[in-house]
Amino acid sequence: MASKAAENGLSLEQRVARIEALQAPTAPPVNTGDNAWVLASSALVLMMTAPGLIMFYGGLVRSKNVLATMMHSLILMALVSALWMVFGYSMAFAPGNAFVGNPFTYFLLRDVGGAPNADYAGTVPQQSFMLFQMMFAIITPALISGAMAERIKFKAYVLFVLLWVTVVYFTQFHKIWGKGGYLKWAQDGRVPVLDFAGGTVVHISSGVSALVCALVLGKRTGYPVEPMLPHNVVLSLIGTGLLWVGWFGFNAGSALNAGMLATSAFAATHFSAAAAALSWAVAEWYHKGKPSVLGAASGMVAGLATITPASGFVTVPSAFAIGLVAGVVCYLAVTKLKARFAYDDSLDVFGVHGVGSTTGMLMLGLLASATVNPAIASTYHANGVAVSLAGGSHQFFNQALAVIFTAVFAGAASFILLKLVNALVGLRVHVEDEDAGLDLTQHGERAYTE
C-alpha cells in the first residue's frame, strides 16, 4: 500500500519514465572468466613489444645502434596508444563504410566503457576489447622498424609511423575485422576472408611496408661488403622466448573468450612455432653445414607469424604442417630471395613476417576446418544462402585476393608516405651520423660505457 501511495504521488511523466526504464533492454552480462583472459592476453601482447621485440631487434643490430633500435618500439607504446584513444579505435571498429569506420563515433573513447559490444565481444566490457586490440596496433608498426634499422632519422620514423598507422593500419583493421568491413567473413563482407589474429592486418601489411621502406631508404653504408653481425645474440634469444610466450595472448586471446577455441588456437600456435624452428634449422644445416642458434630462433618467429591467421581455424596437425613449410620458405626468403634482389631489409621483416604470413594465409585457404571453428560452416551468407568457408579451392581464392589486396594497398601507401616524409624532413641520417651510430647522433646516449 505504501508503494501504491508513492506511485500515486508521481506525475504522468515520471510514471512513463519508470515504465520505459523497466522495459529498456539491459546490457548483456560480463563473463568474468572471459574478461580475465582478454585482459591477461592484452598484457601478453604488450609484452611482445616490450621487452620482447625490443630485445629481439636490439640484439640483432650493431652495438652503436642498440638504443635507437629499441626506441623505435618503445616510443610506439606511447605514440600509438594516444592515436588509438583519440580516433584510432573508432576508425577501426565504429560503423562506417566497407573501408573505414567513422573516426568521431568513439572519439576520445566516448561510450567505450563497461558494457559489452555484441558486434565484437559480447561477454567482455568494450573497454577490455579496446585495450586488447590496441596492443596489436602498437606492435604492428614496431615490426616495420626492423627494416629501417641503423639508418633512418628518428623524426622521420615518428612522422612516418603517425601517417602509416592512420592511413594503412586503422583502415586495414576495419576492412578485415570491423563491422561492415569489405573482407570480413563473420558479417557477410563482400569477400569472406579468414584471418583469425592478423595475418593480413599485422604481418603482411607490415612485412610489405618494411620491404618498401628498405628499398626507398637504400642500403646501409657498407652493406653488404662490411660485416654487420648482431652484437648480442643472447639478447635476441631472450626476446625470442618472450615473443613466443606473448604470442599465446596474440592468437589465443583473439578468441575473445576463455573457451575451447582459445585452447585450440593456443595449441596451433605452439606446434607451428616448434615445427618451423625444426625445419629452419634443418634447412640451414643442409645449406650451410651448421644449424645456427639465431637461425632456430628466426624459425620460431617465422612459425608464429605464419600460424597467426590460421590459429583459430586449423587442427594441430595442420598447424604443424604450416610450421614446417614456414621454416623452409622463410629461410629461403631471407637467404636466397634477399640475395637475389639485393635489398637491405636489416632485420628480415619481409622475409619472416611478410612471406611467412602470406604462406599462412594461403595454406589456411586449403586447411580451414569447420570442426575446429564451426562458425565458418554456416555464418557467412551469399544471396541469403549459408556458404561454408572450410578449406578448398574457393576459399583459397578468397585468401589469395586478400593477400594481393593487402600487399598492393600497404606497399603503395607506404611508398607515397615515405616520399612525403622525405620531402618534409628527410629520411636518412647523414653518412657521418650513420658511421658514428644512431644511439649517439639521434638520442645523445650510448648503450655501453666501455
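Let me begin with the overall build: the protein chain in this model has 16 helices and two strands, and its radius of gyration of 24 Å is close to the 22 Å that the globule rule gives for 450 residues, so the chain is as compact as a globular protein of that length. Please keep in mind throughout that this is a predicted model. Taken along the principal axes, the C-alpha atoms fill a box of roughly 90 × 50 × 35 Å.

On confidence, the mean pLDDT of the protein chain is 95, and 94% of its residues reach 70 or more. The start of the chain needs a caution, since over residues 1-6 the pLDDT stays under 50, and the model has zero contacts beyond four places in sequence for that stretch. Where pLDDT is low, the predicted coordinates should not be read in detail.

Turning to how the chain packs, buried residues make up 52% of the 450 residues, and of the contacts between residues at least 6 apart in sequence, 76% join residues that are at least 24 apart. The surface that the protein chain exposes comes to about 18,300 Å², with carbon and sulfur atoms supplying 67% of it.

Now to the cysteines, which I expect some of you will ask about. How many disulfides does the structure hold? The structure holds zero, and cysteine 213, for its part, is in no disulfide, the nearest cysteine sulfur being that of cysteine 330, 19 Å away. Why is there no bond from cysteine 330 to cysteine 213? The sulfur of cysteine 213 is the closest cysteine sulfur to that of cysteine 330, yet at 19 Å it is too far for a bond, because a disulfide here requires the two sulfur atoms to be within 2.5 Å. As for exposure, cysteine 213 counts as buried at 0% relative accessibility, and cysteine 330 likewise counts as buried, at 0%.

Next, some backbone details, and a general remark first: most residues other than glycine have a negative phi, and most peptide bonds are trans. In this model the peptide bond from alanine 50 to proline 51 is cis, with omega near 10°, and proline 51 is found within helix α3, which covers residues 32-60. The peptide bond from tyrosine 223 to proline 224 is cis as well, with omega near 0°, but proline 224 lies in a loop, the one between α7 (199-217) and α8 (233-252).

Positive phi values come up at leucine 108 and glutamate 150. Leucine 108, although not a glycine, has a positive phi of about 55°; this leucine is found in the loop between α4 (66-93) and α5 (126-148), and with a relative accessible area of 48% leucine 108 is partly exposed. Glutamate 150 has a phi near 80°, again a positive value in a residue other than glycine, and its place is in the loop between α5 and α6 (154-177). Is glutamate 150 buried or exposed? At 2% relative accessibility, glutamate 150 counts as buried, because buried is taken as under 20% relative accessible area.

Finally, a look at serine 369, which is found in the loop between α12 (349-367) and α13 (375-378). Although placed in a loop, serine 369 is buried, with a relative accessible area of 13%. Which residues is serine 369 in contact with, leaving aside its neighbours within four places in sequence? These are Phe313, Thr315 and Ile376.

Note on methods. Residues are numbered from 1 along each chain as its sequence is written. This is a predicted model: local features need pLDDT of at least 70, side-chain atom pairs count only at pLDDT 80 or more; totals for chains, interfaces and linings use all residues. Side-chain values use heavy atoms; hydrogens and water are left out. Buried means under 20% relative accessible area, exposed over 50%, partly exposed in between (1.4 Å probe, protein chains only). Helices (H or I, at least four residues) and strands (E, at least two) are DSSP runs, numbered from the N terminus. Contact means heavy atoms within 4.5 Å. pLDDT is the predictor's confidence in each residue, from 0 to 100. The radius of gyration is taken over C-alpha atoms; the globule rule is 2.2 Å times the number of residues to the power 0.38. Accessible areas come from the Shrake-Rupley method with a 1.4 Å probe; for residues, only the protein chains shown count as cover.
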